[in-house]
Structures are given as C-alpha cells and as structure tokens.
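Subject: Structure for your review

Dear colleague,

Please find below the structure that I am handing over to you. My notes on what was found in it follow directly after.

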Amino acid sequence: MAATGGCSAVTDADLAALELDTYAINPAGEVIAIGCDRAVITRTPEFTVISLMGTNDAAGWISNFRVMGAVPAEHPEIGVCESGFLAGAEAMWPLLVRALDDRPVILQGHSRGAGMVPILAAFMLRTPHTLARVVMWEAPWCVGPVCKQLLTDAEVDGVQWWH
C-alpha cells in the first residue's frame, strides 16, 4: 500500500523495513542515540525519514516501568504529555533537528519511539521543516488534547498501526 499525503515514493512496506532497521546492530542510516533512545535517519531522494526504535534492552524496559508510574508533565507549548516520553523527546529533539535538511520529513517510531513521535512532530511544527507524514507502530498514546489539536490543525498526515 502506498503512503498517503504526497509520500507515494515511500510505501508503508518501505517504512516498516526502515523501522525494523532501527533494531539492527549496524543500521543502514545515520544513527543518533541518547540514553536508551535511538533514531536512524535515512535520506531518500525526496524525503528524510526519521525512525525511532522501541524498547530493546534492560535499560529501556526499566525506563518504561518508570514512565508507566510517572505523573504527566505540562509542556508550555504542547500541553500535557507523559513525562517519560516527553523527557526522551526533549533530549532527542536537538540532535534530530540538526540532522535535517530541506527535504520533507517522514517521522515514525515503534513502541517507546512511537510514543515520542507526536511530541517530536509538535516540536517540528515550530520549525521551517516540512512534516510530510507521521507513522506510529504499536504506539502508546502519550499526549493530551493540546498536542493532538496542534497536529490536527496542522493537518499532519499520519497513521497508527496495530497488529
């Protein structure tokens, strides 16, 4: 199935393969990692694809357990977010934004990475970069109504996949 929102050159199957590649020992793209979070940036002729890895090790699982018991945090611009996912997105964002170029961005993630996707998407809306598509694989929903409304108002093309 072809991706929507002008992303016809990158199919959902392509995106799934790129997301799976985040778990590889040596992913094909540029790796950005901080703490237990890891992103792989892949550039196609038309897009920059940012793929965020889900939980993959003991440190990540411990972080997830901390996240589950945490009190939601209030971000001044995007409202209430689950504090652990917000902290991960805030730490990752400065590294990701420096890696962007003039290509439209497809932002995707699996599990914990997918939980950070809507937060990172809201951050991206504050930049001149074009957010072409958001894909969440097995995502926990970690944001409140303000962030959701920001993405809806911006008409961000997105999909959430569950098995």
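Which residues have the most contacts inside the largest nonpolar core? In this predicted model, they are Ile 50, Leu 52, Leu 96, Leu 107, Ile 119, Leu 120 and Phe 123, and the core holds 34 residues. Strands S2 (37-43), S3 (48-52), S6 (105-110) and S7 (131-137) each give two or more residues to this core, as do H3, helix H4 (112-124) and helix H5 (145-153). H4 supplies nine residues, which is the largest share. A second core, separate from this one, has ten residues, including Ile 106, Ala 132, Val 135 and Val 159. As a general point, nonpolar side chains in soluble globular proteins tend to be buried together.

Overall architecture

The chain has 163 residues, of which 50% count as buried. Its secondary structure consists of five helices and eight strands, and their order along the sequence is α-β-β-β-α-β-β-α-β-α-β-α-β. Among contacts with a separation of 6 or more, 70% join residues that are 24 or more positions apart. The exposed area of the chain is about 7800 Å², and 61% of that area comes from carbon and sulfur atoms.

The surroundings of Phe 85

Phe 85 belongs to helix H3 (residues 83-98). Its relative accessible area is 7%, so Phe 85 is buried; the cut-off for that term is under 20%. Arg 112 is placed over the face of the Phe 85 ring, 5.4 Å from the ring centre. Ile 119 touches Phe 85 and, beyond four places in sequence, also Ile 78, Cys 81, Leu 86, Ala 89 and Val 143. Between Phe 85 and Leu 120 the C-alpha to C-alpha distance is 10.0 Å, with their positions 35 residues apart in sequence. Elsewhere in the inventory of ring interactions, the structure holds one aromatic pair.

Helix H1 and Thr 22

The buried residues of H1 are Asp 12, Leu 15, Leu 18, Glu 19 and Asp 21. Their cover includes S2, S3, S6, S7 and strand S8 (158-161). Thr 22 is found in the loop between helix H1 (12-21) and strand S1 (30-34). Is Thr 22 buried or exposed? With a relative accessible area of 0%, Thr 22 is buried. The side chain of Thr 22 reaches back to the backbone oxygen of Glu 19, at 2.7 Å. Apart from neighbours within four places in sequence, Thr 22 has contacts with Arg 38, Val 40, Ser 51, Leu 52 and Met 53. Leu 52 is also one of the residues with the most contacts inside the largest nonpolar core.

A buried arginine

Arg 133 is located in strand S7. Arg 133 counts as buried because its relative accessibility is 3%, below the 20% cut-off. What does the side chain of Arg 133 make a polar contact with? The partner is the side chain of Asp 157, at 3.2 Å.

I would be glad to receive your comments on these points.

With kind regards

How values were computed. Residues numbered from 1 in each chain as written. Predicted model: local features only at pLDDT ≥ 70, side-chain atom pairs only at ≥ 80, totals over all residues. Heavy atoms only, no water. Phe/Tyr/Trp six-rings, centres within 6.5 Å; stacked < 30°, edge-to-face > 60°. Lys NZ or Arg CZ within 6 Å of the ring centre and 35° of its normal. Helix = DSSP H or I, 4+ residues; strand = E, 2+ residues; numbered from the N terminus. Buried < 20%, exposed > 50% of the residue type's maximum accessible area, 1.4 Å probe, protein only. Contact = heavy atoms within 4.5 Å. Areas by Shrake-Rupley, 256 points an atom, 1.4 Å probe, with all protein chains shown as cover. Core = buried A, V, L, I, M, F, W, Y, C linked by side-chain atoms within 4.5 Å. Polar contact = N/O pair within 3.5 Å; in protein donor to acceptor, adjacent residues only side chain to side chain.
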